[in-house]
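Subject: Structure for you to look at

Hello,

Here is the structure you were waiting for. Please open it alongside this email and follow along.

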Amino acid sequence: MFSREYKTRGFIIARRKQGETSKVITVISKDWGRRSIIVRAARETKSRVGGLVEPFLLVDMVLVEGKSFDTLKDIALVRDYKILEQSLSGFGLGNIMMEILDKISRHETDLDIFGLLIDYLQCYERHRIKLARYDHILVFLSSFIMSILAISGRLPVVDGCAVCGLSCQSEEVVMVSTGLCHRRCLERGEPYLDLDKTTAWWLYKVVTETGDMVMQYDARDKDANKLFEVSIYLFRLFFDKDVESSFFLHDIFKMKKGGNN
Ligand SMILES: [Zn+2]
């Protein structure tokens, strides 16, 4: 049987044990979307590649295509983003990003999820001091989610009412799956989320500005929380999937606050 061998760059988002000594890694690859890759003998102590098949690493790989798994033939480290594991808040943030990527990525994707991921990893590095703070983490993650919606063609309308197109400034608005909506334009039975003026403002910012740009603002924790809630709500409406690790992040900060009192 013919097996194609190919090279690609990829970011490892997950790994698990397979059999006695092997690992299976999930990779968002630059050229071929999501790939599941088996790494034979990765858990043997003399393994040369064992340390390179871990989450948060950007690697170049030579792979042999298989039916359900590709097989790793060679690997080299490009860049280590394990900085995301070095603090509790970074770990919380990194896990949410990896979970989201795991849930939306597909094999042979036509979306540039890899490019988006690298952009946000670099953004994280540039703002990592700020990103120890709860409000900044939630704004960052909201920006990340909006960018995913954008490349999926599902960016919410935020510069007016998604139904009638008129300005939302002087009226009460809610959030529906397509974006902001006047309460009076809401269709019967349509799912929606209540929205206050501050959250609508934040939403406009994360939709229209880059990750770097939104990092310049400070938010009150409760406003950042509400923004993140809306982002997760939109994510759930579009992809029909929850983001379970967000609870972990909330717990970390509850713990921290408890410690300060
Ligand atoms: Zn309207």
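Below is what was found in it, from domains to single residues.

A caution before the details: this is a predicted model.

**Domains**

The domain assignment splits the protein chain into domain 1 (5-80) and domain 2 (86-260). Their C-alpha centres are 30 Å apart. The two domains touch: 13 residues of domain 1 are in contact with 12 residues of domain 2. On the domain 1 side, the elements giving two or more residues are β1 (5-18), β2 (22-29) and β3 (33-39). That side has 7 nonpolar, 3 polar and 3 charged residues.

**The barrel**

Follow the strands next. 5 strands close into a barrel, and their order is β1-β2-β3-β5-β4. The pairing in this barrel is mixed. On average, neighbouring strands are turned by 45° against each other, direction ignored.

Two helices meet these strands. Helix α1 (residues 88-104) packs on the sheet and touches β1 and β2. The direction of α1 makes about 115° with that of β1. Helix α2 (residues 113-126) also lies across β1 and β2. The angle between α2 and β2 is about 90°.

Now two of the pairings. Strands β2 and β3 are antiparallel, with 7 bridges between them. They form a hairpin, with 3 residues between the two strands. Look for I28, which stands opposite R34 in β3. Strand β3 also pairs with β5 (residues 70-80), here through 2 bridges and in the parallel sense. There, I38 has T71 of β5 as its bridge partner. Both senses are normal in principle: strands of a sheet pair through backbone hydrogen bonds, either parallel or antiparallel.

**A second hairpin**

Further along the chain, look at β6 (residues 173-176) and β7 (residues 179-182). These strands run antiparallel and are joined by 4 bridges. They form a hairpin with 2 residues between them. V176 stands opposite G179 in β7.

**The core**

Which residues have the most contacts inside the largest nonpolar core? They are L141 and L227, in a core of 66 residues. Helix α3 (residues 134-151) gives the most to this core, with 11 residues. Where does the core lie relative to the domains? Domain 1 and domain 2 both give residues to it, so the core lies between them. As a general point, nonpolar side chains in soluble globular proteins tend to be buried together.

L141 is a good place to zoom in. Leaving aside neighbours within four places in sequence, L141 is in contact with L93, I96 and F228.

**One buried valine**

Finally, V207. This residue lies in helix α4 (residues 197-208). Is V207 buried or exposed? V207 is buried, because 22 other C-beta atoms lie within 10 Å, and the cut-off for buried is 20 or more. Which residues does V207 contact, leaving aside neighbours within four places in sequence? They are M146, L155, P156 and V158. Take M146: along the chain, V207 and M146 are 61 residues apart. Their C-alpha atoms are separated by 6.0 Å.

If you want a short viewing route, start at the barrel, go on to L141, and end at V207.

Best wishes

Technical notes: Residues are numbered from 1 along each chain as its sequence is written. This is a predicted model: local features need pLDDT of at least 70, side-chain atom pairs count only at pLDDT 80 or more; totals for chains, interfaces and linings use all residues. A nonpolar core is a set of buried Ala, Val, Leu, Ile, Met, Phe, Trp, Tyr and Cys residues joined through C-beta atoms within 7 Å. A residue is buried if 20 or more other C-beta atoms lie within 10 Å of its own, exposed if 12 or fewer, and partly exposed in between; C-beta atoms are placed from the backbone. Domain bounds come from an automatic or database domain assignment. Two residues are in contact if their C-beta atoms, placed from the backbone, lie within 7 Å. Two strands pair if DSSP finds at least two bridges between them. Ala, Val, Leu, Ile, Met, Phe, Trp, Tyr, Cys and Pro count as nonpolar, Asp, Glu, Lys and Arg as charged, and the others, Gly among them, as polar. Axes are lines fitted to C-alpha atoms, for helices over the stretch in contact, and angles run from 0 to 180 degrees between N-to-C directions.
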